[in-house]
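Visitor: Could you take me through one part of this model closely, and then place it beside other parts that deserve a careful reading?

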Amino acid sequence: MIRVVDVSKNYNGRSVLSSLNFSVEPGEFFGIIGPNGSGKSTLLKLLSGVESWGDGQIWLQEKLVSQYKRKDLATWLAVLQQEPLPPVGFRVREVVEMGRYPYQSWLGTEKADSSDMIDDILRTLRLDDLQDRTLEKLSGGEKQRVALAKVLAQQPRLLLLDEPTTYLDIGYQIQLLDTVHRWQRTRQTTVIAVLHDLNLASLYCDRILLLNKGRQIGVGVPEEILRAELIKDVYGIEPIVLDHPVHELPQIMLRSQRE
Ligand SMILES: Nc1ncnc2c1ncn2[C@@H]1O[C@H](COP(=O)(O)OP(=O)(O)OP(=O)(O)O)[C@@H](O)[C@H]1O
């Protein structure tokens, strides 16, 4: 679905991504991890066509991302960003309906009625009781769920998530990623997610790309990437890596330096 070939990116002559090479298969849940400033969000911006890359190529199906018209790209992919929602005044349902924009004519009308689908998404994310509330009356975690509902309403074939669990407590982190995972499996949506939490990345991602200082350190299944020596090299900590007793996937325990 996505093929990244020798891609680099500079900001003001400073390299922030260099020689990236990887592919993401249709229907895959693909994670991007790495320390602060390693280039994760920049990579997501290149994949979504928001920013142009320097050298290399980024293919989305058979065309370069840069060859798509903006509205055509929006029927293909949706991006959940860190600061995604309109400021104030809009009601939850109105915001979710904004996700339908790529399917509307210039009059703002849509061929098919999407209200059942919007109802379904609001129910799935437990937002149905909040649908008439305005955004400023929501908590940070509720806003995050509204933002996800809006991008799901776009019915993208490729869903790009930039730190989707920010602001969420552990209950909602799992609920949100379970929802995305179910959505991905039942609709064969491809998901590319930037995740800070390595344990969540292990639980949900089919494969993970590890970046450090703009370089691709590795790409592979969680067992290949979440290895103690690799995590130590990149994050500068001495983790303890254990097998999850239920999911049989690597989980990282942190070791404190305190006396
Ligand atoms: N518009 C910009 N202009 C100049 N430099 C930028 C710009 N956007 C990002 N950078 C720089 O590029 C590097 C990578 O930033 P990026 O936001 O992609 O990292 P990240 O891995 O997503 O970080 P974090 O985990 O802290 O969110 C950083 O050094 C950042 O300062």
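Guide: In this predicted model, strand 11 (residues 240-243) and strand 12 (residues 250-253) pair in the antiparallel sense, and four bridges join them. Within that pairing, Ile240 has Met253 of strand 12 as its bridge partner. The two strands form a hairpin with six residues between them, and in the turn Glu248 has a positive phi of about 55°.

A positive phi also appears after helix 5, which is followed by Gln155, with a phi near 45°. Helix 5 itself covers residues 140-153, and because its 14 residues at 1.5 Å a residue should span 20 Å, the 20 Å between its end C-alpha atoms agrees with expectation. Eleven of those 14 residues are buried, so helix 5 is largely enclosed by the rest of the structure. Among the buried residues are Glu142, Gln144, Arg145 and Lys150, together with Val146, Leu148, Val151 and Leu152. The buried residues of helix 5 pack against two strands, strand 6 (77-80) and strand 7 (158-162), and against helix 3 (92-98), helix 4 (115-124) and helix 6 (170-187).

Turning to the ligand, the residues that surround it include Tyr11 and Val16, as well as Gly34 and the run Asn36, Gly37, Ser38, Gly39, Lys40, Ser41 and Thr42. Helix 1 (residues 40-47) supplies the largest share of this shell, with three residues. By character, the shell around the ligand divides into seven polar residues, two nonpolar and one charged.

Methods: Residues are numbered from 1 along each chain as its sequence is written. This is a predicted model: local features need pLDDT of at least 70, side-chain atom pairs count only at pLDDT 80 or more; totals for chains, interfaces and linings use all residues. A residue is near a molecule or strand if its C-beta atom, placed from the backbone, lies within 6 Å of it. Ala, Val, Leu, Ile, Met, Phe, Trp, Tyr, Cys and Pro count as nonpolar, Asp, Glu, Lys and Arg as charged, and the others, Gly among them, as polar. The expected span of a helix is 1.5 Å times one less than its number of residues. A residue is buried if 20 or more other C-beta atoms lie within 10 Å of its own, exposed if 12 or fewer, and partly exposed in between; C-beta atoms are placed from the backbone. Two residues are in contact if their C-beta atoms, placed from the backbone, lie within 7 Å. Two strands pair if DSSP finds at least two bridges between them.
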